[in-house]
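Trainee: I would like to take one part of this model and look at it slowly, together with whatever lies beside it. Could you walk me through a single strand and then place it in the whole chain?

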Amino acid sequence: MAAISLLNPKAEFARAAQALAVNISAARGIQDVMKTNLGPKGTMKMLVSGAGDIKITKDGNVLLHEMQIQHPTASLIARASTAMDDATGDGTTSTVLIIGELLKQAENYISEGVHPRVLTEGMIKARDKALELLEKIKVEGKPDRQRLYDMATTSLRTKVDRKLADQMADICVDAVLSIQREDGIDLHMVELMEMQHKTSTETTLVKGLVLDHGSRHPDMPRKVENAYILTCNVSMEYEKSEVNSGFFYKTAEEREKLALAERDFIEQRVKKVIELKRKVCPPGSGKSFVVINQKGIDPFSLDMLAKEGIIGLRRAKRRNMERLSLACGGSAVNSVDDMTEDVLGYAGSVYEYVLGENKYTFVEDCKNPLSVTILIKGPNKYTLTQIKDAIHDGLRAIKNSIDDGAVVPGAGAFEIFAWQELQKFKDEIKGKSRLGIQAFAEALLIIPKTISINSGFDAQDMIVKLQEECRESIGPVGVNVDSGEVLQPVDAGIFDNYCVKKQILNSCTIIASNLLLVDEIMRAGMSSLKG
């Protein structure tokens, strides 16, 4: 009788071999679900929510976030994989596959009587060796534009079709290089704006900002060139007083005076903006003026601005205000007193675009934009969501390459190289922990095997070719998903992120080891109902 039953007669538990079987079957279950997504030729999954919303994707991170996973072990693996994506931006599917395969390989040895502790020790030795090999195979050096483009295409082709991926890669590289600064890259400075319109190949990079609202006055110009941009957080409308106060008046004239004084207070603010406009945009200079305000602008104030040919946008989002000063220069002001030309930003053109009932304002041709917008277009909501998820991954892949200062040859090249070197390393180790190294080496092969199967080729045939080629070749070799032959990933421009590979090796080994060392699963937690 299990000890837990003495403490809690209602507890559910699974002992030793049974507990291990539960963990291994869960890992293999989630592995089978994710397997078909890996690589550029991976298949799609259609997720249907409770409300009937449909999502079509092959992004492992999206799948694991959206799927309802009941099994505790599978849920643990899913959470570890999504944490991997949060940290590095990629590698979710690979993490799930390698954890599943490590447990599957270990099961063969455990069924023959090998203790899980011996296997985990071997796996940790193999992991340390694999990290050394990763240092050996990585391609170091500050990545140039072509290397970043290769990096982005490798990531994006696994999420969207090839033609679209190549176009997106160009956009992502330009976006990251535009916002790169001495102190690093802040990807929050790349705004992703969706527009349900035309086709996905119309997606473009705007070196400036796209605001999802337009001007609120019919007489304001729809397009201006050489525009000075004033970003401000100043109320240009009637406001209630912040404290509860009452005004007493005896006659209608006094009421009228009060209303005029209030109106005059707002008009003085608007006039100061108009004065600045006249000062920096004299007649015939070909220059124009745009006011983007975080607070409101009432109809009277809009009318005054329209008569001066100023575009006035009100209630802009706070995040757009921060990006505007980075994209156009200048600084946001909280008061209209003592304004000078220094607070103004500059944009080559500002124009309004109407799509159905939605208005968009484009602020383009900024001189040195430190904030840019990727305008995602697509015919329907599914396409837009799929492209947005893919662009997120592409941007992260480029940022990681710049931060790491190194990349790793892709197409399963590292896994084949590590397998070959671990076979040699295994012969140097004495005792049963060799079996753990063997299990780890075999588990790594799941990546090239799955890429081959998803591309429609025979896995064993491909692995044999790769192993033979790896022994004879000088450089790393990988899977050619188009022909089923062996290729040189460095020449083909197929690269993976160094930090992603490093994280996969670390996290997969730790999670698989922990699951192997579980010898009892108990459902004996505290009840939420106190009784």
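**A close look at strand β13**

Mentor: Let us begin with a pairing: strand β6, which covers residues 204-206, runs antiparallel to β13, and three bridges join the two. Within that pairing, Leu205 has Ile374 of β13 as its bridge partner. Please keep in mind throughout that this is a predicted model.

β13 also pairs with strand β5, residues 190-196, but here the two strands run parallel and are joined by seven bridges. One place to find this pairing in the picture is Met193, which stands opposite Leu375 of β13. So β13 has an antiparallel pairing with β6 and a parallel pairing with β5.

Now turn to the side chains. In a regular strand they alternate between the two faces of the sheet. In β13, Val372, Ile374, Ile376 and Gly378 point one way, while Thr373, Leu375 and Lys377 point the other way, and all of these residues are buried. A residue is called buried when its relative accessible area is under 20%. Because seven of the seven residues of β13, residues 372-378, meet that condition, the strand is largely enclosed by the rest of the structure. Notice that Lys377, with its positive side chain, is among the buried residues of β13.

For a helix to set beside this strand, look at α15, residues 446-454, where eight of the nine residues are buried, so that this helix too is largely enclosed by the rest of the structure. The buried residues of α15 are Ile446, Ile447, Pro448, Lys449, Thr450, Ile451, Ser452 and Asn454. Just after α15 comes Gly456, which takes a positive phi of about 90 degrees.

Finally, step back to the whole chain, which contains 18 helices and 18 strands. Of its 531 residues, 51% count as buried, and against that background you can place the seven of seven in β13. The radius of gyration of the chain is 30 Å, whereas a compact globule of 531 residues would have one near 24 Å, and the C-alpha atoms fill a box of roughly 100 × 70 × 40 Å along the principal axes. Among contacts with a separation of 6 or more, 75% are between residues 24 or more positions apart. As for charge, the chain carries 68 positive and 73 negative side chains, and the centres of these two sets lie 2 Å apart.

Terms used:
Residues are numbered from 1 along each chain as its sequence is written. This is a predicted model: local features need pLDDT of at least 70, side-chain atom pairs count only at pLDDT 80 or more; totals for chains, interfaces and linings use all residues. Side-chain values use heavy atoms; hydrogens and water are left out. Helices (H or I, at least four residues) and strands (E, at least two) are DSSP runs, numbered from the N terminus. The radius of gyration is taken over C-alpha atoms; the globule rule is 2.2 Å times the number of residues to the power 0.38. Buried means under 20% relative accessible area, exposed over 50%, partly exposed in between (1.4 Å probe, protein chains only). Contact means heavy atoms within 4.5 Å. The place of a charge is taken as NZ of Lys, CZ of Arg, CG of Asp or CD of Glu. Two strands pair if DSSP finds at least two bridges between them.
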